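Dear colleague,

Please find the structure below, handed over for your own work. My findings follow it.

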Amino acid sequence: MSIDSVNNHDDRHLNPNNDKELLLKRLRRIEGQIQGMVENERYCVDILTQISAAKSAINAVGNMILENHIRGCVKEAIEQNEDDKQELIDEMIELMVRYSK
């Protein structure tokens, strides 16, 4: 199973343990900071420095989602003894490989 096939699971959604509003707030802040710098024609080095900080901030948001996925979706699947445990394990391995790049 490829990670792309996960995107086709209409029955799977953002784990409710995630604070959706907090995630959206953080993502808007990240986007806004860089966009504002470009709109204000800030110095290239300053924009690139902010992009570097944004990458770290995006990773932090991703880590929050990943942690809640493991603590919620994965744990629930294991507890419910779902038939697709191997598929879930394969999905997690592929996700970790892709996410760590």
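Helix H2 is followed by Glu41, which has a positive phi, near 55 degrees. Please note that the model is a predicted one.

I begin with H2 itself. This helix has 20 residues, which should span 28 Å at 1.5 Å a residue, and its end C-alpha atoms are indeed 28 Å apart. Its buried residues are Leu23, Ile30 and Met37. They lie on the same side of H2, because they cover an arc of only 85 degrees around the axis. The face turned away from that buried side carries Lys20, Glu21 and Glu39, which are exposed. Helix H3 is among what covers the buried residues of H2.

Leu22 also belongs to H2. Is Leu22 buried, partly exposed or exposed? Its relative accessible area is 29%, so Leu22 is partly exposed, since buried would require under 20% and exposed over 50%. Between Leu22 and Val61 there are 9.4 Å in space, C-alpha to C-alpha, although the two are 39 residues apart in sequence.

Turning to H3, this helix comprises 36 residues, and the distance from its first C-alpha to its last is 51 Å, close to the 52 Å expected at 1.5 Å a residue. H3 nevertheless has a kink of about 35 degrees, centred on His69. The buried residues of H3 include Ile47, Ala54, Val61, Gly62 and His69, and the buried residues of this helix pack against H2 and H4. After H3 comes Asn81, whose phi is positive, near 55 degrees.

Asn68 is a further residue of H3. It counts as buried because its relative accessibility is 16%, and the cut-off is under 20%. Which residues does Asn68 contact, leaving aside neighbours within four places in sequence? They are Asn15, Asn17, Asn18 and Cys73.

Finally, the nonpolar core. The largest one has 5 residues in all: Leu66, Val74, Ala77, Leu88 and Met92. Helix H3 (44–79) and helix H4 (85–99) are the elements that give two or more residues to this core. H3 provides the largest share, 3 residues. Within this group, Leu88 touches Val74 and Ala77, not counting residues up to four places away in sequence. As general background, nonpolar side chains tend to be buried together in soluble globular proteins.

With kind regards

Technical notes:
Residues are numbered from 1 along each chain as its sequence is written. This is a predicted model: local features need pLDDT of at least 70, side-chain atom pairs count only at pLDDT 80 or more; totals for chains, interfaces and linings use all residues. Side-chain values use heavy atoms; hydrogens and water are left out. A nonpolar core is a set of buried Ala, Val, Leu, Ile, Met, Phe, Trp, Tyr and Cys residues joined through side-chain atoms within 4.5 Å. Buried means under 20% relative accessible area, exposed over 50%, partly exposed in between (1.4 Å probe, protein chains only). Helices (H or I, at least four residues) and strands (E, at least two) are DSSP runs, numbered from the N terminus. Contact means heavy atoms within 4.5 Å. The expected span of a helix is 1.5 Å times one less than its number of residues. The bend at a residue is the angle between axes fitted to the seven residues ending there and the seven starting there. The arc is that of the directions from the helix axis to the C-beta atoms.
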